[in-house]
Structure formats: structure tokens, C-alpha cells
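Student: I've got a structure to look at and some bench habits to unlearn. Can we go through it together, question by question?

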Amino acid sequence: MVILYTVVYIMGMRKLQVCVMHRGGPSASCGAKGSQEILHHLRAEVARLELLCEVESINCLLYCQQGPNVRLLPDGKIWHKVNAQLCAQIVQKLKDDSDC
């Protein structure tokens, strides 16, 4: 795992990880709270703005009750209760930190 983070950091490539775990029930996990839509929205915005940032799904970030959750690597920043407005802030951070 350390090697992966090192490679990502050396290349200057950032990665957004969106938790999509679905454990059932309306509030039990990120997947039940609309994280698939967050994933698609972030992918579309990153592509539209041509940012050098990979957006991928991940199964758990261990903050299920605070989801949907998104993590930025290699920084390690985690956003909780992500919605469309917070997605815009995340994308703005990527733009501000460019050349992400």
C-alpha cells in the first residue's frame, strides 16, 4: 500500500476515492445514501475540466454513519455527508491545487 501512495505522489497524480459500500437499510452505509450519484458526478466534473485526477469507487472508508464519504489521495483529506454542493467544493479544491 505504501508503494502505491508513493507512486501516486511522485507522479503528481491525485485520486478521489468514493465509498460505495451498500450494507442495506436507508442510512446504514454510503451506498444507501446516494454515493453512486456522487461518484458519477465527480467523474464527470473531473473529465469535463480535464483535471489529472482519478476518481474511483472504494468499498469502505470506515465512516458509514457520516456518509457518503470521499477521500483525496495522497493528501488523506476525507469529506463526509457529501452532496452536490460539497462535490463542487471538492472539484474547486482540485482546480485550486492544480495541476492535480
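Tutor: Let's settle one term before we start: a polar contact is a pair of N or O atoms within 3.5 Å, where one must be able to donate a hydrogen and the other to accept it. Keep in mind too that this is a predicted model.

Student: Okay, which side chain makes a polar contact with the side chain of Arg71?
Tutor: Start with the location: Arg71 sits in strand E3, residues 70-73. Its neighbours beyond four places in sequence include Lys15, Leu16, Ile58 and Leu61. At 2.6 Å, the side-chain partner in the polar contact is Gln17.

Student: Arg71 is buried yet has no salt bridge, so how far away is the nearest side chain of opposite charge?
Tutor: A salt bridge needs the nitrogen within 4 Å of a carboxyl oxygen. For buried Arg71, the nearest candidate is Glu56, and no salt bridge forms. The distance to Glu56 is 6.9 Å.

Student: Where is Glu56 found, and is it buried or exposed?
Tutor: Glu56 belongs to strand E2. The cut-off for buried is under 20% relative accessible area. Glu56 comes in at 19%, so it counts as buried.

Student: Which residue meets Glu56 in a salt bridge?
Tutor: Glue together a few neighbours of Glu56 first: among them are Lys15, Leu16, Val18, Leu39 and Arg43. The side chain of Glu56 also makes a polar contact with the side chain of Gln17, at 2.8 Å. The salt bridge, 3.7 Å from N to O, is with Lys15.

Student: How many residues apart are Glu56 and Lys15?
Tutor: Both Glu56 and Lys15 are buried. They meet in a salt bridge. That pair links distant parts of the chain, with Glu56 in strand E2, Lys15 in strand E1, and a separation of 41 residues.

Student: How many salt bridges does the structure hold?
Tutor: One of them is a helix pair: Glu45 and Arg48 have their closest N and O atoms 2.9 Å apart. Those two both lie in helix H2 (residues 35-48), 3 residues apart, about one turn of the helix. Arg48 is exposed, with a relative accessible area of 55%. For the whole structure, the number of salt bridges is 6.

Student: Which residue meets Arg14 in a salt bridge at 3.1 Å?
Tutor: The pair links distant parts of the chain: Arg14 is in strand E1 (residues 14-19), and its partner is in the segment after helix H3 (84-96), 83 residues away. Arg14 is buried at 15% relative accessible area, whereas the partner counts as partly exposed at 30%. The partner is Asp97.

Student: Which residues are linked with Arg14 in a network of salt bridges?
Tutor: We already have the Arg14 to Asp97 bridge. Follow the links through the network and the residues joined with Arg14 are Asp75, Lys93 and Asp97.

Student: Now cysteines, my favourite. How many disulfides does a search of the whole structure find?
Tutor: The test is a pair of cysteine sulfur atoms within 2.5 Å. No pair passes, and the search finds 0.

Student: How far from Cys60 is the nearest cysteine sulfur?
Tutor: Cys60 is partly exposed, with a relative accessible area of 23%, and is in no disulfide. The nearest cysteine sulfur is that of Cys64, at 4.0 Å.

Student: What is the relative accessible area of Cys53?
Tutor: Cys53 lies in strand E2 (residues 53-58). Its C-alpha is 9.7 Å from that of Ser98, 45 residues apart along the chain. Cys53 counts as buried, because its relative accessible area is 7%.

Student: Zooming out, what pattern does the protein chain follow along the sequence?
Tutor: There are 3 helices and 4 strands. Of the 100 residues, 40% count as buried. Read along the sequence, the pattern is α-β-α-β-β-β-α.

Student: Last one: which element has the lowest mean pLDDT?
Tutor: The chain averages a pLDDT of 86, and 83% of the residues score at least 70. Over residues 4-9, though, pLDDT stays under 50, and the model has 5 contacts beyond four places in sequence for them. Strand E4 (residues 78-79) has the highest mean, 97. The lowest mean, 49, belongs to helix H1.

Technical notes: Residues are numbered from 1 along each chain as its sequence is written. This is a predicted model: local features need pLDDT of at least 70, side-chain atom pairs count only at pLDDT 80 or more; totals for chains, interfaces and linings use all residues. Side-chain values use heavy atoms; hydrogens and water are left out. pLDDT is the predictor's confidence in each residue, from 0 to 100. Contact means heavy atoms within 4.5 Å. Buried means under 20% relative accessible area, exposed over 50%, partly exposed in between (1.4 Å probe, protein chains only). Lys and Arg count as positive and Asp and Glu as negative; His and the chain ends are not counted.
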